[in-house]
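Dear colleague,

I am passing on the structure we spoke about, and below it you will find my notes on one helix and the parts of the chain that it meets. Please read them with the model open beside you.

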Amino acid sequence: MDKKTKRTFIIVGAVEAAVLIFCLVVAILVYSTFDKNNPSANMKSNPFIGTLQTNPVLLFFVIVFPALLIFLVDGGYLIYYAV
């Protein structure tokens, strides 16, 4: 493996790790600050987290879809590399 390929893998791995950590932290914040009894209070504390708490489609596309896409691409690359 040459240096350019190795550098590319390191950069891609760092970006994937950053995206996964972002998704994990935001998901923890969304679910730990949710108030079932007063849904309007969720928007007052943090508009971004409150929007994700009230809109499940946006929550899916911001948190679940990128993580799922990363896992599928990495799995496909692993299968390609193994063959």
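I begin with F9, which has a relative accessibility of 37% and therefore counts as partly exposed, since that value falls between the 20% limit for buried and the 50% limit for exposed. Please keep in mind throughout that this is a predicted model. F9 lies in helix α1, and, when residues up to four places away in sequence are not counted, F9 touches M1 and Y77.

Helix α1 itself runs over residues 3–32. Its length is as one would expect, because 30 residues at 1.5 Å a residue should span 44 Å, and the C-alpha atoms at the ends of α1 are 43 Å apart, which agrees. The buried residues of α1 are E16, C23, V26, A27 and V30, and these pack against two other helices, α3 (47–54) and α4 (56–82).

Of these buried residues, E16 may interest you for its charge. E16 is buried yet has no salt bridge, and the nearest side chain of opposite charge, that of R7, is 17 Å away. Leaving out residues up to four places away in sequence, E16 touches I70 and D74.

G13 is also part of helix α1; because its relative accessible area is 32%, G13 is classed as partly exposed. To give a sense of distance along the helix, the C-alpha atoms of G13 and V26, which are 13 residues apart along the chain, are separated by 20 Å.

The packing of α1 with α4 can be described in some detail. The two helices pack at an angle of about 145°, with their axes 10 Å apart, and α1 passes α4 in a left-handed crossing. On the α1 side the contact is made by F9, E16, V19, L20, F22, C23, V26, A27, V30 and Y31, while on the α4 side the residues are L59, V62, I63, P66, A67, I70, F71, D74 and Y77.

Within that contact, P66 is worth a look from the side of α4, the helix in which P66 is found. With a relative accessibility of 21%, P66 counts as partly exposed, because a residue must be under 20% to be called buried. Apart from its neighbours within four places in sequence, P66 is in contact with V19, C23, F60 and F61. Between P66 and C23, which are 43 residues apart along the chain, the separation of the C-alpha atoms is 8.1 Å.

With best wishes

Technical notes. Residues numbered from 1 in each chain as written. Predicted model: local features only at pLDDT ≥ 70, side-chain atom pairs only at ≥ 80, totals over all residues. Heavy atoms only, no water. Helix = DSSP H or I, 4+ residues; strand = E, 2+ residues; numbered from the N terminus. Buried < 20%, exposed > 50% of the residue type's maximum accessible area, 1.4 Å probe, protein only. Lys, Arg positive; Asp, Glu negative; His and termini not counted. Salt bridge = Lys/Arg side-chain N within 4 Å of Asp/Glu carboxyl O. Contact = heavy atoms within 4.5 Å. Expected span 1.5 Å × (residues − 1). Axes fitted to C-alpha atoms, helices over the stretch in contact; angles between N-to-C directions. Left-handed = near helix turned anticlockwise from the far one by under 90°.
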